[in-house]
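Thank you all for making time this morning. I would like to walk you through one structure, and I will put it on the screen before I say anything about it.

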Amino acid sequence: MRITKYIIAALITSWGSSAFAQDAQWQLDTKPVAKIQPTMYGIFFEDINFAADGGIYAELVKNRSFEFDEPMMGWLEPNSDRHSMNEKSGIAKVIKEGDEPNNHFARIVVKDADGYKLINEGFRGMGIKEGAAYNLSLWAKATQSGISKINISLIDDKNNEIGNASITPDGKSWEVYKASITATATVPKAKMLVTFEGKGEIDLDMISLFPKDTWKGREMGLRKDLVQLLADLDPGFLRFPGGCIVEGRTLAKRYQWKKTVGHVADRKMIVNRWNTEFSHRPTPDYYQTFGVGFFEYFQLAEDMGAEPLPILSCGIACQFNTGELVPLEELDPYVDDALDLIEFANGDVSTTWGKVRSDMGHPEPFDLKYIGVGNEQWGPQYFERLKVFIKAIKSQYPDMIIVSGTGPFPEGEQFDYAEKELKKINAEIVDEHYYKDPQWFLENADRYDSYDRDSYKIFAGEYAAQSVAIASPENKNSWQCALSEAAYMTGLERNADVVYMTSYAPLFAHVDAWQWTPDLIWFDNVKSYGTPNYYVQKLFSTNSGTDLLSLTGNNEPVKGQDKLYASAVIDDKTGEVIIKMVNANASAKEITLAPKGKKFASKATQQLLKSDDMNAVNSLEAPKKVSPQSSEIKIKGGTLKMTLEPNAFYVLRAKLK
Ligand code: AHR
């Protein structure tokens, strides 16, 4: 009796699952239905989490020009007179002179050359690699003779020297001195020690150390491994400089691109808005030197073959902070910033701003096509200001495509209001943001299926699945989050007639200095790695294809029925059909995909991204724990029949015959 009950129960269970379950039967129409925009998959860059200073900007010296609010921040003087009453060793006094942006310098008073030491701690240390060369440069003015030499050493955590150079300062006016240091050891948290020979006073400024081996070998350039990770995404666009950083906590602290171009020493540094944003992750030493400024962003976009997409302040400071507002009648300087930026990017070298670009070494235009006005603004004040920008930009540059915003949330009152206003003004491309839990991503893969086809195009400008809660410091770049994003992205791709641009956010995070998690790429001072989310982005962006195809099951898009998701494109250069499939079930699923009136060739390539552990993450120690595995698969009889493994993301490339 009991046994019979168990047998029946077992049979019922298997009827409900694989033994008798129907395979998912999908059809592929090989006639293109829309273009995939070359801008479809791009990059969102913001200087958050030490992404620029301390990150992609390869400068190793923190507060190199003594401009921080606490002018000696980053500098240590272990034996200085600051710490003793008998004034015997020496001291660095920071002096302010003039009104120029970089108007502080350090006057070093050396009383005992054996006693005085000046140390720079770097950005959570300096990442130094054995055998690598480092370019040192500093400005010095020897107002008094007496200091015959400046010795610069790199030291490890036990104060062992791992490289050195010296400089003989002989000028009575400011002069730039350069030297090269070759490191004898790899030390992720090294420091720079500066000592002096002789006694007297010397003024120092712009004390700088860069690896020689930067991205494209540019002097004072970008950190190579980090840019390589970006270039590997083959991005369609580069959005910069953020994010909330565009808006500033106050208007005075907004991002002003004009102060970020020209010689690095003339760029006006400001405190980074993420310095104090989260009390649970304070970063008091976070400043924006603008060593990576607008010229560098344009150049980076060009290097990667990506469209530059600058976003500018619309005259409203971050509404999560002060929401400070420029009166409409005082908006002109903000609008001029936009017009001048277009001239900076595209203007002839004879124009004011075109000349600035040319003097920086780029006479050819950057071919700017898109400009964003405002970040996460909401309410009527945004639309009043947006209209002024649109009118001014379009009257001078009718072909410039303007990216507008919908505020911070993808639904709700502010969003609905924005949608109405944006339709009224015939907005062109509209930026939507979603920081949501993984379930939301799984449930909203059909978000754009019902969007108005006669209205604006979509820029999914910031999104990331949050494993705990928005901006929680406990959020992880887990496989669960990445898989939900992959599922959602099949919906973005399926709606490529409406969705023109997409980007994950934020992009970078330093493991010792982050404010916001999750992030696409993590790094310390010497290493970096892509998260599972990075590999999802990469699989989409390097398999974007050129034209969208219609992939359906029971005449419906495959948008999460039975937790299966799929989209398909064709690459008109190679003739390959590219199919993306997500199985978000904890069990394997059988699928069949038949191309209408055609057959798949017998061989296809497969990239599989999966983990049995939904909490799996990559790390500096295991950077590729969750990363794609490539293989060749066989297709019999022209119809794809396969078993999708549990919680797995597939990208297949197959030719038709
Ligand atoms: O990506 C981090 C922040 O999230 C961005 O700066 C902002 O636009 C959004 O709120």
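**Around the ligand and beyond**

P506 sits in the loop between β22 (499-504) and β23 (508-510), and I start there in this predicted model since the peptide bond that leads from A505 into P506 is cis, with omega near -15 degrees. A second cis peptide bond joins G242 and G243, where omega is about 15 degrees, and G243 has its place in the loop between β14 and α3 (244-247).

Both P506 and G243 belong to the set of residues that surround the ligand, the others being E46, C244, W274, N375, E376, Y435, E462 and W516. Sorted by class, this shell is made up of five nonpolar, two polar and three charged residues. As for polar atoms, an N or O atom in the side chain of E46 is 2.5 Å from an oxygen atom of the ligand, the corresponding distance for the side chain of E462 is 2.7 Å, and a polar side-chain atom of N375 lies 2.9 Å from a ligand oxygen. How much of the ligand does the protein bury? Of the 280 Å² that the ligand exposes when taken alone, 96% is buried by the protein.

Let me turn now to a lysine. K62 is found in the loop between β2 (43-44) and β3 (75-76); is this residue buried or exposed? K62 counts as buried because its relative accessible area is 1%, and the cut-off for that word is under 20%. Leaving aside the neighbours within four places in sequence, the residues in contact with K62 include F68, W75, N120, E121, F123, R124 and D285. With D285 there is a polar contact from side chain to side chain, at 2.7 Å.

Next come the helices, beginning with α6 (residues 352-359), in which W353, G354 and R357 are buried. Why do these three fall on the same side of α6? They do so because they cover an arc of only 105 degrees around the axis. The face turned away from that buried side carries T352 and D359, which are exposed. Among the elements that cover the buried residues of α6 are α4 (294-303) and α5 (332-346), and after the helix comes G361, whose phi is positive, near 105 degrees.

In α4, eight of the ten residues are buried, so that the helix is mostly covered; the buried ones are F294, F295, E296, Y297, F298, Q299, L300 and A301. Their cover includes α2 (224-231), β14 (237-240), β17 (307-312), α5 and α6. G305 follows α4, with a positive phi near 65 degrees. Helix α11 (residues 532-541) is likewise mostly covered, with nine of its ten residues buried, among them Y534, Y535 and F540.

I will finish with two aspartates and their backbone angles. D367, in the loop between α6 and β18 (370-373), has a phi near 60 degrees, which is a positive value in a residue other than glycine, and it counts as partly exposed because its relative accessibility is 44%. D562, in the loop between β27 (556-557) and β28 (564-571), also has a positive phi, about 55 degrees, although it is not a glycine; at 47% relative accessibility, D562 is partly exposed.

Key
Residues are numbered from 1 along each chain as its sequence is written. This is a predicted model: local features need pLDDT of at least 70, side-chain atom pairs count only at pLDDT 80 or more; totals for chains, interfaces and linings use all residues. Side-chain values use heavy atoms; hydrogens and water are left out. A residue is near a molecule or strand if one of its heavy atoms lies within 4 Å of it. A polar contact is a pair of N or O atoms within 3.5 Å; within protein, one must be able to donate a hydrogen and the other to accept it, and residues adjacent in sequence count only if both atoms are side-chain atoms. Accessible areas come from the Shrake-Rupley method with a 1.4 Å probe; for residues, only the protein chains shown count as cover. Ala, Val, Leu, Ile, Met, Phe, Trp, Tyr, Cys and Pro count as nonpolar, Asp, Glu, Lys and Arg as charged, and the others, Gly among them, as polar. Buried means under 20% relative accessible area, exposed over 50%, partly exposed in between (1.4 Å probe, protein chains only). Helices (H or I, at least four residues) and strands (E, at least two) are DSSP runs, numbered from the N terminus. The arc is that of the directions from the helix axis to the C-beta atoms. Contact means heavy atoms within 4.5 Å.
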